[in-house]
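Biologist: I'd like to go through the charged pairs in this one. Can you show me the model, and then tell me how you justify your labels?

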Amino acid sequence: VEQIARDLVEEAVRLEKDRRREVVREAAEAAAMERILKPLAGDTASEATREAFRQRIRDRHMDDVEIEIEVADAPRMPMEIPGMGGGVGMINIGEMMGKAFGQNNQKRRKLKVPEAWAKLVDEETEKRLDQDDVARTAIADAEANGIVFLDEIDKIAVSDVRGGGSVSREGVQRDLLPLIEGTTVATKYGPMKTDHVLFIASGAFHISKPSDMLPELQGRLPIRVELRALSEKDFVRILSQTRANLPEQYCALLATEEVTLEFSDDAIEELARIAAEVNSSVENIGARRLQTVMEKLLDDVSFEAEDRKGETIKIDAKYVEKQLSGIAKDADLSKYVL
């Protein structure tokens, strides 16, 4: 479970680097341009000639030109020190030997101008980042502002109803205890304390219940919130107002077969009603129910799509009711179909 803290630090480092890259981007791009101009114009070219080349590069007139430049060699495979798992004991032998003997880590490569530009900008940006300071800032940020979301924590709750596996689930809970309470985790960027990290856990608890977890773990997650089930109105919003919602996805999917799908407003409302009804009568699996309902609704259309090229198929409330009403009313069948 310590990998949770290491992943948090990795994300903090990535975000910190992104912030600092924006600050040094202008200087990095200027240095990258000078390195590209060297093989194109040479060292003795006048400033007017160099400016002409700069303009041609900016105007994308030299995208097909290939140049030979020195770039940083690809990093060699790191080696893990025995007894130090989790990426903490990873060292790069090639890099260490190169530094010890003063070897140049640059390699001459032939690249087209756009590829060379992207690679050199990245190199020049990295040169201008103080990696030690980035690590220090990122760790401090992770410690003070880190948030860890533990999904499906009900899966590790110990319940007699679930049968076997209680020992392993309890072991996972005990491993989580020090992390949530506050401990120091060794990462490749340095030690990171989890004392002030915010841990949020969620679970459906259909079979088990929160009290099935270890009392010590319950004590470390003191604030308990019960969420209400998704309503019919919620399902309508999910199907119509979210980005890349399911109707849009199916329209795009069938468009590849040259079939046009059109969903009416009453079809969306009927789909939402059926999904909410099945959730309340069979098992509440939340918004995932919409996926199974949509899949069943468009089974025939998807199967016949190749033979219906050029057609426009309108999905309205009557079509939805015809395809799904019988299944939705049969609770036993819904368990297996929806």
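Modeller: Sure. Buried means under 20% relative accessible area, exposed means over 50%, and partly exposed is in between. Keep in mind that this is a predicted model.

Biologist: Then what makes Glu 123 buried or exposed?

Modeller: Its relative accessible area is 12%. The cut-off for buried is under 20%, so Glu 123 counts as buried.

Biologist: And why is the contact between Arg 35 and Glu 123 called a salt bridge?

Modeller: The definition asks for a side-chain nitrogen of Lys or Arg within 4 Å of a carboxyl oxygen of Asp or Glu. Here the N to O distance is 3.3 Å, so the pair fits.

Biologist: Which parts does that pair tie together?

Modeller: Arg 35 sits in helix α1 and Glu 123 in helix α4 (residues 113–127), so the bridge joins parts 88 residues apart in sequence. Arg 35 itself has a relative accessible area of 22%, so that one is partly exposed.

Biologist: How do you know where Arg 20 and Glu 16 stand relative to each other?

Modeller: Both are in helix α1 (residues 2–41), four residues apart, or about one turn of the helix. Their closest N and O atoms are 2.7 Å apart, which gives a salt bridge. Glu 16 is at 8% relative accessible area, so call it buried.

Biologist: Which residues are linked with those two in a network of salt bridges?

Modeller: Arg 19, Asp 133, Arg 136 and Asp 141 are linked with Glu 16 and Arg 20. Across the whole structure, the search finds 37 salt bridges.

Methods
Residues are numbered from 1 along each chain as its sequence is written. This is a predicted model: local features need pLDDT of at least 70, side-chain atom pairs count only at pLDDT 80 or more; totals for chains, interfaces and linings use all residues. Side-chain values use heavy atoms; hydrogens and water are left out. Helices (H or I, at least four residues) and strands (E, at least two) are DSSP runs, numbered from the N terminus. Buried means under 20% relative accessible area, exposed over 50%, partly exposed in between (1.4 Å probe, protein chains only).
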